[in-house]
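Trainee: Could you take one part of this model and walk me through it closely? I'd like to start from a single residue and work outward from there.

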Amino acid sequence: MNTIQSSILHPTSGTFAPDVLGSTKPVLVDFYAGWCGPCKMLDPVLKEIADEKPEVTVAKVNVDQQPELAAEYSVRALPTLLFVKDGQVVDRITGVAAKSAITGKLDGLAK
């Protein structure tokens with residue numbers, strides 16, 4: 001899927017494999033729900049990261065719309081951030097995290 005800088009992907013169960021697992025760039029996947037207060041707090045941070053780090057793809061998965069993806073990746077709390085590199089989940093953060101914690105993990109993946 002072609003994306004422009006600062007865009008955020010919204011993969012579905014049908015597009016997750018090519019868009020996220022098949023990405024040549026590291027991918028930060030945010031599992032969220034519209035009713036989740038902490039998820040809403042994290043949203044502007046993720047938009048900043050998408051704008052500031054074109055070398056990383058940011059993706060958001062709504063667990064209410066894509067419950068099979070949430071189950072497949074054992075998402076039991078929201079928000080859950082997955083760090084994907086070369087098709088593999090290499091790290092995760094559950095709950096709201098500071099931007100510095102997220103970017104620190106991303107910087108390690110981009111190497």
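Mentor: Sure, let's start with Leu28, which sits in strand E1, residues 27–32. Keep in mind throughout that this is a predicted model.

Is Leu28 buried or exposed? Its relative accessibility is 0%, so Leu28 counts as buried, the cut-off being under 20%. And what does Leu28 touch, once you leave out residues up to four places away in sequence? The list is Leu46, Val56, Thr57, Val58, Ala59, Leu81, Leu82, Phe83, Ile102 and Leu106. You can place several of those partners by element. Leu46 falls in helix H2, which covers residues 37–52, while Thr57, Val58 and Ala59 fall in strand E2, residues 57–62. Leu81, Leu82 and Phe83 belong to strand E3, which spans 80–85, and Ile102 and Leu106 belong to helix H4, residues 99–109. As for Leu9, 19 residues from Leu28 in sequence, the C-alpha to C-alpha distance between the two is 10 Å.

Now step back to the whole chain. It has 4 helices and 4 strands, and from the N terminus they come in the order α-β-α-β-α-β-β-α. The radius of gyration is 12 Å, close to the 13 Å that the globule rule gives for 111 residues, so the chain is as compact as a globular protein of that length. If you want a feel for the dimensions, the C-alpha atoms fill a box of roughly 30 × 30 × 25 Å along the principal axes. Leu28 has plenty of company in being buried: 46% of the 111 residues are. The contacts of the chain also reach across the sequence, since among those between residues at least 6 apart, 69% join residues at least 24 apart. The accessible surface comes to about 5700 Å², and carbon and sulfur atoms account for 53% of that.

From the leucine, let's move on to the charges. The chain carries 11 positive and 13 negative ones, and the mean positions of the two sets are 4 Å apart. Side chains of opposite charge can pair when their charged atoms come close. Searching the whole structure turns up 8 salt bridges.

Asp43 is a good place to look, starting with its bridge to Lys47, where the closest N and O atoms are 3.0 Å apart. Why do these two line up along the helix? Lys47 and Asp43 are 4 residues apart in helix H2, so about one helical turn separates them. Lys47 is partly exposed at 44% relative accessibility, whereas Asp43 is buried at 18%. Asp43 also meets Lys60 in a salt bridge, again at 3.0 Å from N to O. Because Lys60 lies in strand E2 and Asp43 in helix H2, this pair ties together parts that are 17 residues apart in sequence. Lys60 is buried, with a relative accessible area of 7%.

Another pair reaches further along the chain: Asp107 and Lys53, with a salt bridge of 2.6 Å from N to O. Asp107 is in helix H4 and Lys53 in the loop between H2 and E2, so the parts they tie together are 54 residues apart in sequence. Asp107 is partly exposed at 34%, and Lys53 is buried at 13%. Going back to Asp43, bridges with shared partners join Asp30, Asp43, Lys47 and Lys60 into one network. Asp30 brings us home, by the way, since strand E1, where we began, covers residues 27–32.

Last, have a look at the backbone around strand E3. Pro79 sits in the loop between helix H3 (67–72) and strand E3, and the peptide bond from Leu78 to Pro79 is cis, with omega near -10°. Ser74 is in the loop between H3 and E3 as well. Its phi is near 50°, a positive value in a residue other than glycine, and Ser74 is partly exposed at 33% relative accessibility. On the far side of E3, Asp86 lies in the loop leading to strand E4 (88–94). Asp86 has a positive phi too, near 55°, and isn't a glycine either. At 63% relative accessibility, Asp86 counts as exposed, in contrast to the 0% of Leu28.

Note on methods. Residues numbered from 1 in each chain as written. Predicted model: local features only at pLDDT ≥ 70, side-chain atom pairs only at ≥ 80, totals over all residues. Heavy atoms only, no water. Rg over C-alpha atoms; globule rule 2.2 N^0.38 Å. Buried < 20%, exposed > 50% of the residue type's maximum accessible area, 1.4 Å probe, protein only. Contact = heavy atoms within 4.5 Å. Areas by Shrake-Rupley, 256 points an atom, 1.4 Å probe, with all protein chains shown as cover. Lys, Arg positive; Asp, Glu negative; His and termini not counted. Charge placed at Lys NZ, Arg CZ, Asp CG, Glu CD. Salt bridge = Lys/Arg side-chain N within 4 Å of Asp/Glu carboxyl O.
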